Amino acid sequence: MPAEQTSPSPDAPQTLTIPLTQARKWRAFWVCVSVAAITILDLSKVNVALPSIEAAFGSGSTELQLIVSGYVLTFGLLLVPMGRLGDQRSRRTLFIVGLTLFTLTSLVCALAPNTTVLLVARLIQGVAAGIQMPQVLGLIQQLFQGKERGRAFGLFGATIGVATAFGPTLGGLMIALGGPTDGWRYIFWINIPLGLIAIALAIFVLPATRKSSRKPLQLDPVGVVLFALTILALMFPFLFTTGSPNDNPQRWWLLVVFLLFATAFFAWERRYAASGRDPLIPFALFSVSSFRNGSILQAAYFAAIPSLFLLTTLYLQSGLGLEPVFAGMVSIGFALSSAVASWIGGNIVTKYGRPVVVWGLVLVMVCIAGLVVTALYVPDAVTPYAMAGVMIIGGIGGGLVIAPNQTLTLADIPVKQGGLAGSVGQLGQRIGTAVGTAIALALFYATIYREDGKASDSVVFHDAYGFGMVAVALFIAFAFVLSVLDLSARKRRERETGGDEDADEDAEEPRVIT
């Protein structure tokens with residue numbers, strides 16, 4: 001165990017042993033994971049609705065950008081504080097609060113009379129997502145141990161993979177059912193019955209995870225404020241990058257502000273921890289190599305995959321003229337194969353470890369290359385079908401990345417910090433998505449602006465898709481290199497320890513990291 005790990009403080013709130021039958025545990029699991037899927041769906045299905053929202057309200061490009069990016073921003077801002085709060089108090093209560101708020105804001109979005117109301121509701125909806133998502137990972141971490149945890153994360157990864165890939169298809173289908181003007185409202189209406197069912201199930205199925213405590217919360221308010229300013233300064237310039245010549249170049253100065261706030265946050269957290277209190281983020285978490293490497297890897301992966309879906313959907317709609325519902329259907333093969341591969345990966349990762357992730361990333365790179373070759377050299381009439389086939393390969397690879405990497409990332413993290421650690425990982429995913437999407441879209445649209453009028457539309461969109469996918473490929477290549485380095489480090493440690501590094505599924509939980 002790392003030297004930084006110490007025994008839990010006697011004042012720390014204690015986790016209840018959850019005396020559940022296998023059936024009750026898995027029922028609780030499916031409630032949590034279903035809600036996580038609804039949350040992730042709202043990251044991707046709204047993208048295809050932007051033209052309809054623009055037609056309905058005459059919204060400007062900045063407002064449309066905020067409807068998507070504002071959700072990502074407030075989602076990311078709440079993840080770590082709410083993960084910390086869930087670790088100290090009741091994950092079940094926070095889960096129900098977040099889910100209720102998410103359902104109510106979905107209703108406001110569906111009924112929004114103008115862009116302003118829709119935008120404010122989306123911001124609050126992101127807050128709700130940030131409240132409930134950390135509790136999902138914390139509960140999974142607490143309910144399952146050993147190989148069973150690997151299977152649980154396998155199913156979790158399968159569900160998230162399906163939600164991520166199926167979002168554009170579902171969004172396109174809702175628009176097709178509701179019409180080009182009001183079809184976007186169906187995207188939010190569908191959340192209402194799902195949310196109400198999930199609230200009822202959560203109340204009756206989820207177990208209590210904390211004893212009541214009169215001890216004051218330790219939320220590190222100064223750290224929370226500095227953390228929020230740090231994340232805001234980092235994500236803002238990327239969220240407002242569109243590739244248009246009208247993008248304000250002054251936005252990049254916020255990265256300097258980000259460095260200043262990040263430095264202040266790090267210094268404050270070190271000082272706060274030295275005083276004997278629990279900081280918002282225990283930086284010793286990152287001294288655990290499995291958590292550090294896994295978190296960075298999943299941030300890079302989520303910088304690539306949502307961008308891949310978005311670029312492919314844009315190319316098929318704008319470049320080939322496909323309807324949104326048909327453009328979205330191209331990713332169905334990815335969703336289904338990812339679900340199967342995630343289940344398999346979650347079951348074999350405890351035996352084979354990091355090589356599962358390495359080979360998964362290889363398949364994702366094959367998929368990226370196949371999509372680009374298809375766009376450039378396959379006749380336009382056949383392109384959607386060929387891309388759908390290539391997506392199956394990417395789905396298999398993605399399934400072997402998400403669930404196994406999640407299991408490996410949290411393997412050495414104690415249950416008492418499961419919510420916080422999971423929140424840090426989710427934050428990395430949201431930042432990765434914001435940064436990756438901004439870079440890929442900037443390359444895509446910058447190519448269109450640069451070549452418009454100088455070549456045929458077919459050539460312009462082929463080039464735009466190719467340049468955008470370069471960013472996707474680089475993010476996956478970075479994740480691949482990191483996974484190989486992590487694999488090499490693990491093998492070296494096993495040789496040095498004589499293989500004692502292998503985790504025993506019945507081993508005692510790691511101690512709290514301070």
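In which helix is alanine 303 found? Select this residue in the predicted model, and you will see that alanine 303 belongs to helix H10, a run that covers residues 289–319.

**Starting point: alanine 303**

Alanine 303 has a relative accessible area of 2%, and therefore counts as buried. Leaving aside neighbours within four places in sequence, you can select what alanine 303 is in contact with, namely Gly432, Thr433, Gly436, Thr437 and Phe475. Glycine 432 lies 129 residues away along the chain, yet the C-alpha atoms of alanine 303 and glycine 432 are separated by 4.2 Å.

Stay in helix H10 and move to threonine 313. This threonine 313 has a relative accessibility of 9%, so it is buried as well, the cut-off being under 20%. Beyond its neighbours within four places in sequence, threonine 313 is in contact with Val48, Pro168 and Ala327.

**Zooming out**

Now show the whole protein, in which there are 16 helices and 0 strands. Of its 514 residues, 56% are buried. If you consider contacts between residues at least 6 apart in sequence, 85% of them join residues at least 24 apart.

**The nonpolar cores**

Next, select Phe29, Phe95, Ile140 and Phe156, which are the residues with the most contacts inside the largest nonpolar core, a set of 89 residues. Helix H1, residues 22–44, supplies the largest share of this core, with 13 residues. A second core, separate from that one, holds 47 residues, among them Leu297, Ala300, Leu316 and Ala471.

To look around one member of the largest core, centre the view on phenylalanine 156, which touches Phe29, Val33, Ala36, Val136, Leu137, Ile140 and Gln406 when residues up to four places away in sequence are not counted.

Not every residue of helix H1 is buried: serine 34, which has its place in this helix, is partly exposed, with a relative accessible area of 37%. Measure from serine 34 to threonine 159 in your viewer, and the C-alpha atoms should come out 7.6 Å apart, although 125 residues separate the two along the chain.

**Two helices to compare with their expected length**

Select residues 91–111, which form helix H4. The 21 residues of H4 should span 30 Å at 1.5 Å a residue, and the end C-alpha atoms are 30 Å apart, so the two values agree. The buried residues of H4 include Arg91, Phe95, Gly98, Phe102 and Cys109.

Then select residues 332–352, helix H12, which also has 21 residues and reaches 28 Å from its first C-alpha to its last, close to the 30 Å expected. Where is the kink in H12 centred? Go to glycine 346, where the kink of about 35° has its centre. Glycine 346 is one of the buried residues of H12, as are Gly333, Phe334, Ser338, Ala341 and Val349. After H12 comes glycine 353, with a positive phi near 70°.

**Aromatic rings**

Across the whole structure, 18 aromatic pairs are found. One of them joins phenylalanine 238 and tryptophan 252 in an edge-to-face arrangement, with 5.3 Å from centre to centre and 80° between the planes. Phenylalanine 238 is in helix H8 (residues 221–239), while tryptophan 252, 14 residues apart from it, is in the loop between H8 and helix H9. Phenylalanine 238 counts as buried at 13% relative accessibility, whereas tryptophan 252 is partly exposed at 34%.

For another pair, select phenylalanine 444 and phenylalanine 461, whose ring centres are 6.3 Å apart and whose planes meet at 50°, so that the pair is tilted. Here phenylalanine 444 sits in helix H15 (residues 418–451) and phenylalanine 461 in helix H16 (residues 457–497). Both rings belong to buried residues, with a relative accessible area of 1% for phenylalanine 444 and 15% for phenylalanine 461.

Return to Phe29 and add Trp26, Trp30 and Phe144, since these four form one aromatic cluster.

**Charges over rings**

For the last stop, look at two arginines. The charged end of arginine 122 sits over the ring of tyrosine 71, at 4.3 Å from its centre, and arginine 430 lies over the face of phenylalanine 75, at 5.2 Å from the ring centre.

Terms used: Residues are numbered from 1 along each chain as its sequence is written. This is a predicted model: local features need pLDDT of at least 70, side-chain atom pairs count only at pLDDT 80 or more; totals for chains, interfaces and linings use all residues. Side-chain values use heavy atoms; hydrogens and water are left out. A nonpolar core is a set of buried Ala, Val, Leu, Ile, Met, Phe, Trp, Tyr and Cys residues joined through side-chain atoms within 4.5 Å. Buried means under 20% relative accessible area, exposed over 50%, partly exposed in between (1.4 Å probe, protein chains only). Helices (H or I, at least four residues) and strands (E, at least two) are DSSP runs, numbered from the N terminus. Contact means heavy atoms within 4.5 Å. The expected span of a helix is 1.5 Å times one less than its number of residues. The bend at a residue is the angle between axes fitted to the seven residues ending there and the seven starting there. Rings of Phe, Tyr and Trp (its six-membered ring) pair if their centres lie within 6.5 Å; planes under 30 degrees apart count as stacked, over 60 as edge-to-face and the rest as tilted. A charge sits over a ring if NZ of Lys or CZ of Arg is within 6 Å of the ring centre and within 35 degrees of the ring normal.
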